[in-house]
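Visitor: I am new to this structure and would like to be taken through it slowly. Could we begin once it is in view?

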Amino acid sequence: ILGGREPQPHTMPYMASLQEDGKHICGGFLITAEWVLSAAHCLEDTINGTFQVLLGAHSLTAHEPHKRLYGVRRLIPHPGSSTETNADDLLLIQLAEPALLGTDVGTLALQEEDQEVPAGTLCTAAGWGFTTNTGKRPDKLQSVELSIMSRATCNRRIHHDGEVTENMMCTEIKKDSRKDTCKGDSGGPLVCHGVAAGVVAAGSRVCGNWKKPGIYTRIPPYIEWIRAVMASAN
Ligand SMILES: NCc1cccc(NC(=O)c2cccc3[nH]c(C(N)=O)cc23)c1
């Protein structure tokens with residue numbers, strides 16, 4: 001998260017840290033007691049190590065009463081996801097056991113109605129991703145308020161030049177603020193009006209560059225897929 005701040009600890013009890021061999025690789029968020037939603041691109045640079053999901057955390061390293069690492073039973077990337085594009089960049093993670101829900105661990109509701117979040121709407125993203133373009137990693141969760149950019153503007157040649165489909169949405173980067181998501185924030189939620197409207201995509205790889213607005217996978221178009229996967233697996 002670039003240009004953000006440290007939120008009050010445990011005020012985002014749905015936030016998850018997807019870890020491989022004990023190292024934070026991506027964000028994610030709890031949607032039911034045993035399912036976490038994240039981004040398929042998060043599996044790209046992995047070495048088939050041991051995956052775990054950290055819940056109830058504010059600091060990645062400090063002891064916190066309700067912080068707990070969960071094993072992963074299944075990793076289910078969306079069948080349409082690929083390394084080549086941002087399409088269908090979603091990953092469902094089934095925990096080895098249902099998470100213990102409490103004050104520091106809770107679920108986040110998904111946006112169900114398939115309607116665009118209006119341009120200019122202020123939404124919130126959070127994560128343990130880079131806080132600088134040079135790759136500074138925070139220990140404590142960061143959050144940032146981002147303004148929605150219309151798809152038409154986001155698809156202009158100077159920005160993402162027609163790459164943003166109706167299954168994606170964008171947040172603007174005001175020239176001086178540099179507020180943006182970055183590497184390690186992928187998979188985290190874009191929360192608008194208290195529900196998850198989008199999932200952070202790696203998008204253009206660069207961070208904090210006003211020419212490359214952040215790209216997010218919209219959730220409404222995928223509600224059926226999410227429900228089907230959760231209903232089938234056991
Ligand atoms: N806001 C858009 C956004 C949102 C989430 C993730 C990213 N980017 C990356 O996942 C990424 C991937 C590989 C090398 C990288 N180097 C850097 C960098 N800034 O040095 C980022 C990356 C960008």
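Visitor: Which residue has a polar backbone atom 3.2 Å from a nitrogen atom of the ligand?
Guide: This is a predicted model, and the contact in question is a pair of atoms within the 3.5 Å limit for a polar contact. On the ligand side the atom is a nitrogen, and on the protein side it is a polar backbone atom, which belongs to Arg-205.

Visitor: How much of the ligand's exposed area does the protein bury?
Guide: The starting point is the ligand taken alone, which exposes 500 Å². Of that area, the share buried by the protein is 82%.

Visitor: Which residue has an N or O side-chain atom 2.6 Å from a nitrogen atom of the ligand?
Guide: Two side chains can be considered here, and for Asp-180 a polar side-chain atom lies 2.9 Å from a ligand nitrogen. The distance of 2.6 Å belongs to the side chain of Asn-133.

Visitor: How many nonpolar residues are in the shell around the ligand?
Guide: The residues around the ligand include Val-200, Ala-201 and Cys-207. By class, the shell has three charged residues, three polar ones and, as the nonpolar part, six.

Visitor: Is the disulfide of Cys-26 and Cys-42 left-handed or right-handed?
Guide: The sulfur atoms of Cys-26 and Cys-42 are 2.0 Å apart, and this pair links distant parts of the chain, with Cys-26 in strand β2 and Cys-42 in the loop between β3 and β4. The torsion about their S-S bond is about -90°, so the disulfide is left-handed.

Conventions:
Residues are numbered from 1 along each chain as its sequence is written. This is a predicted model: local features need pLDDT of at least 70, side-chain atom pairs count only at pLDDT 80 or more; totals for chains, interfaces and linings use all residues. Side-chain values use heavy atoms; hydrogens and water are left out. A residue is near a molecule or strand if one of its heavy atoms lies within 4 Å of it. A polar contact is a pair of N or O atoms within 3.5 Å; within protein, one must be able to donate a hydrogen and the other to accept it, and residues adjacent in sequence count only if both atoms are side-chain atoms. Accessible areas come from the Shrake-Rupley method with a 1.4 Å probe; for residues, only the protein chains shown count as cover. Ala, Val, Leu, Ile, Met, Phe, Trp, Tyr, Cys and Pro count as nonpolar, Asp, Glu, Lys and Arg as charged, and the others, Gly among them, as polar. A disulfide is a pair of cysteine sulfur atoms within 2.5 Å. Helices (H or I, at least four residues) and strands (E, at least two) are DSSP runs, numbered from the N terminus.
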